[in-house]
Amino acid sequence: MDHQPVIHNTFVVERSYPVKPERVFAAFADSAQKRRWYVESEHNRVETYEQDFRVGGREHYTLGFEEGHPLTGLSLKSENMYRDIVPNRRIIFTSTMAVADKCISVSLGTVELLPSEKGTDLILTFQSAFLEGADGPEMREAGWRGLLDKLARVLES
């Protein structure tokens, strides 16, 4: 059996939003809001999504991909567990991601919400062990950057 080497990666993404930390926190805590910016996309179809936002609670989803996507015909599954929540200030979670039931990554994510004069500064620190031996680190960082851009649009609405 061929085993790919583990690729370790850490990245930090910072964003500023013109709303109070309570509003940004709510976009993570409220299942309907989070589904809009975190799992829904024009390139996939959401097969399952559930969120239990509390310490020890889980969030999981399964996505299928539209025709033409590199993963068409495969499913992507993600499971997160909330490890630490400080309302309006911090969320720490662990996650696993699998494609076609094969684990491709194990991660630790920290979201910090800092009040600023203009609203909220968000700092996401994401640490992962990638198991697929591909371009996982670059794709994951690009994915989170895109998600936080989508979050900005949800906060504007």
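Guide: Before we look around, one term: a residue is buried when its relative accessible area is under 20%, exposed when it is over 50%, and partly exposed in between (1.4 Å probe, protein chains only). This is a predicted model, in which local features need pLDDT of at least 70 and side-chain atom pairs count only at pLDDT 80 or more, while totals for chains, interfaces and linings use all residues. Residues are numbered from 1 along each chain as its sequence is written, and side-chain values use heavy atoms, with hydrogens and water left out.

Visitor: OK, so is Gly68 buried or exposed?

Guide: Gly68 counts as exposed, since its relative accessibility is 71%, and this glycine sits in the loop between S3 and S4. Here helices (H or I, at least four residues) and strands (E, at least two) are DSSP runs, numbered from the N terminus.

Visitor: And how far apart in space are Gly68 and Arg153?

Guide: From C-alpha to C-alpha, Gly68 and Arg153 are 26 Å apart, with their positions 85 residues apart in sequence.

Visitor: Let's do the sheet. What order do the strands come in?

Guide: The sheet is open, with 7 strands paired in the antiparallel sense, and its order reads S1-S7-S6-S5-S4-S3-S2; two strands pair if DSSP finds at least two bridges between them.

Visitor: Which strands stand at the edges, and why is one side of each left without a neighbour?

Guide: The edges are S1 (7–17) and S2 (44–51), and because each has a single partner strand, one of its sides has no neighbour in the sheet. From one strand to the next, the twist averages 15°, where axes are lines fitted to C-alpha atoms, for helices over the stretch in contact, and angles run from 0 to 180 degrees between N-to-C directions.

Visitor: What does the pairing look like at those two edges?

Guide: On one side, S1 pairs with S7 (residues 119–130) over 11 antiparallel bridges, and Phe11 stands opposite Phe126 in S7. On the other, S2 and S3 are joined by 7 antiparallel bridges, with Arg45 opposite Gly64 in S3. S2 and S3 also form a hairpin with 6 residues between them, and Gly56 in that turn has a positive phi of about 90°.

Visitor: Which residues other than glycine have a positive phi?

Guide: Asn88 is one of them, with a phi of about 65°, and Asp101 is another, its phi being near 65°. Most residues other than glycine have a negative phi. Asn88 lies in the loop between S4 and S5 and is partly exposed at 21% relative accessibility, whereas Asp101 belongs to the loop between S5 and S6 and is exposed, at 60%.

Visitor: Switching to helices: which strands does H2 lie across?

Guide: Helix H2 (residues 31–38) lies across S2, S3 (58–65) and S4 (75–86), and runs at about 150° to S2. Helix H3 (residues 136–156) also packs on the sheet, where it touches S1, S5 (90–99), S6 (102–116) and S7, and its direction makes about 20° with that of S1.

Visitor: What does Arg140 in H3 contact?

Guide: Neighbours within four places in sequence aside, Arg140 is in contact (heavy atoms within 4.5 Å) with Phe11, Met97, Ile104, Ser105, Ser107, Phe126, Ser128 and Phe130. Arg140 is buried, at a relative accessible area of 11%.

Visitor: How do H1 and H3 cross?

Guide: The axes of H1 (residues 21–29) and H3 come within 11 Å and cross at roughly 115°, so H1 and H3 are roughly perpendicular to each other. For such labels, angles under 35 degrees count as roughly parallel, over 145 as roughly antiparallel, 65 to 115 as roughly perpendicular and the rest as oblique. In this contact, Arg23, Val24, Ala27 and Phe28 of H1 meet Leu151, Val154 and Leu155 of H3.

Visitor: And what about H2 against H3?

Guide: H2 and H3 pack with their axes 8 Å apart, at an angle of about 130°, which makes H2 oblique to H3. Gln33, Arg36, Trp37 and Tyr38 of H2 make the contact with Trp144, Leu147, Lys150, Leu151 and Val154 of H3.
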